[in-house]
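Please read the chain below with its model in view, and follow it from the overall picture to particular residues.

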Amino acid sequence: MGSVKKDNRLTSWQSFSCVAFSGIFSKSATSPLEVVKIKSQVGTFHCKKGFGQTFLLIYQNEGLKGFWKGNLTSCLRLFPYTAVHLSTYRKIVHLHVDQVGVISQARAIMAGGLAGVAAALLTYPLEVAETRLIAQNCREPSYVGVMRTLAKIQSSEGLLALYRGFSLTVLGAFPFSLGCYLVYTNVDRVWLEPPFRLSPLQNFINGCLAAAVAQTLSYPFETVKRKMQIVPYFGLLFACFELCKQLCLYRNGYIVSPLSYTPAPGVDQSLGPAELQEVNRYLRNRSFRADIGNRW
């Protein structure tokens, strides 16, 4: 069994912003690995002499900007993907939790898999466009811009070309969800302390570990895609998300420092941000009235 834990101390916008920013940061930081992965997938001349030589050949032929081809498309894809994934996951989970917020492992895995499929269905054409932009030589481009790339693929190859390989994403979504769930529900046993006390380094290791397990379970489906960047990407994603969350919690008044999860003294951690602001406003006004009464 597992429980669904939602941090009500963050607003919906803060939660979405944390996910979006951490995703963009992680995508941008691991873009060179993504470029090498795509080059290996399509079998360009860059990947004929090994992983390290591929980096050198890309730099020699396309310069530094060659390592960030398609990164804008990838980052733009994060916003609709995140919105659909989170909303779908929450709706499916809420249909299957009991009165105390507990859900079975099988149903949690199913919810994660279905949410991943729904999000991928919406954004898969952007992933195809990203692949085309990366695979080409940026000094002699065949595709320019996201919308023009999508239009060119659709006009020359048909609408179905925008979903080529989508079946592999569907088949790999559920074992990947299983791997992530198994790791994240047991991180407290690995470190022998609750998740909210983990350091950024521990969060990074958790992300890498979850990605490694998930990738191993979904390996038969991911062989074609060869997501070599998945381990560092998810490590950075999880660590960056936790740092963003700490900044929001500090701004909302729940912790004493943005660098620590130490709760602020005298603060009810069960209150939402709006409720906490209302309480603080009431206490300030009451203190003001008490000062006036003392004067008279």
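What follows moves from confidence and composition to one helix, the nonpolar cores and some single positions.

This is a predicted model, in which local features need a pLDDT of at least 70 and side-chain atom pairs count only at pLDDT 80 or more, whereas totals for chains, interfaces and linings use all residues. Residues are numbered from 1 along each chain as its sequence is written, and side-chain values use heavy atoms, with hydrogens and water left out.

The average pLDDT (the predictor's confidence in each residue, from 0 to 100) is 77 for the protein chain, and 82% of the residues score at least 70. The chain has twelve helices and four strands, taken as DSSP runs numbered from the N terminus, with helices being H or I over at least four residues and strands E over at least two. Among these elements, the lowest mean pLDDT, 46, belongs to strand S1 (residues 2-3), and the highest, 89, to strand S3 (residues 255-257). Over residues 225-230 the pLDDT stays under 50, although the model has 22 contacts beyond four places in sequence for them, a contact meaning heavy atoms within 4.5 Å. Residues 288-296 also have a pLDDT below 50, and beyond near neighbours in sequence this stretch has one contact in the model. Where pLDDT is low, the predicted coordinates should not be read in detail.

Of the 296 residues of the protein chain, 41% count as buried; here buried means under 20% relative accessible area, exposed over 50%, and partly exposed in between, with a 1.4 Å probe and protein chains only. The chain exposes about 16,500 Å², of which carbon and sulfur atoms supply 64%, the areas coming from the Shrake-Rupley method with a 1.4 Å probe and, for residues, with only the protein chains shown counting as cover. Among contacts between residues at least 6 apart in sequence, 67% join residues at least 24 apart.

Helix H6 (residues 146-157) has twelve residues and reaches 16 Å from its first C-alpha to its last, close to the 16 Å expected at 1.5 Å a residue, where the expected span is 1.5 Å times one less than the number of residues. Val146, Thr149, Leu150 and Ile153 are buried in H6. Seen down the axis of H6, these buried residues fall within an arc of 100 degrees, so they line one face of the helix; the arc is that of the directions from the helix axis to the C-beta atoms. They pack against helix H4 (71-96) and helix H5 (105-135), while Met147, Arg148, Ser155 and Ser156 are exposed on the other side of H6. Just after H6, glycine 158 takes a positive phi of about 95 degrees.

Two of the buried residues of H6 return in the largest nonpolar core, where Leu150, Ile153 and Phe166 touch the most other members among its 15 residues. Such a core is a set of buried Ala, Val, Leu, Ile, Met, Phe, Trp, Tyr and Cys residues joined through side-chain atoms within 4.5 Å. H5, H6 and helix H7 (166-184) each supply at least two residues of this core, and H5 gives the most, with seven residues. Phenylalanine 166, leaving aside its neighbours within four places in sequence, is in contact with Val117, Ala120, Leu121 and Tyr124. Apart from this core lies another, of eleven residues, including Cys18, Cys244, Tyr254 and Tyr261.

Cys18 is also one of the buried residues of helix H1, as are Ser26 and Lys27. Lys27 is touched by two residues of helix H4, asparagine 71 and serine 74. Asparagine 71 is buried, with a relative accessible area of 13%, and serine 74 is buried at 2%. Not counting residues up to four places away in sequence, asparagine 71 touches Ser28 and Ser31 besides Lys27, whereas serine 74 touches Lys27 and Glu130.

Isoleucine 38 has its place in helix H2 (residues 31-42) and counts as buried at 2% relative accessibility. Beyond four places in sequence, isoleucine 38 touches Thr131, Ile134 and Ala135, and its C-alpha atom is separated by 9.0 Å from that of arginine 132, 94 residues apart along the chain. Valine 190, in helix H8 (residues 187-191), counts instead as exposed, at 51% relative accessibility.
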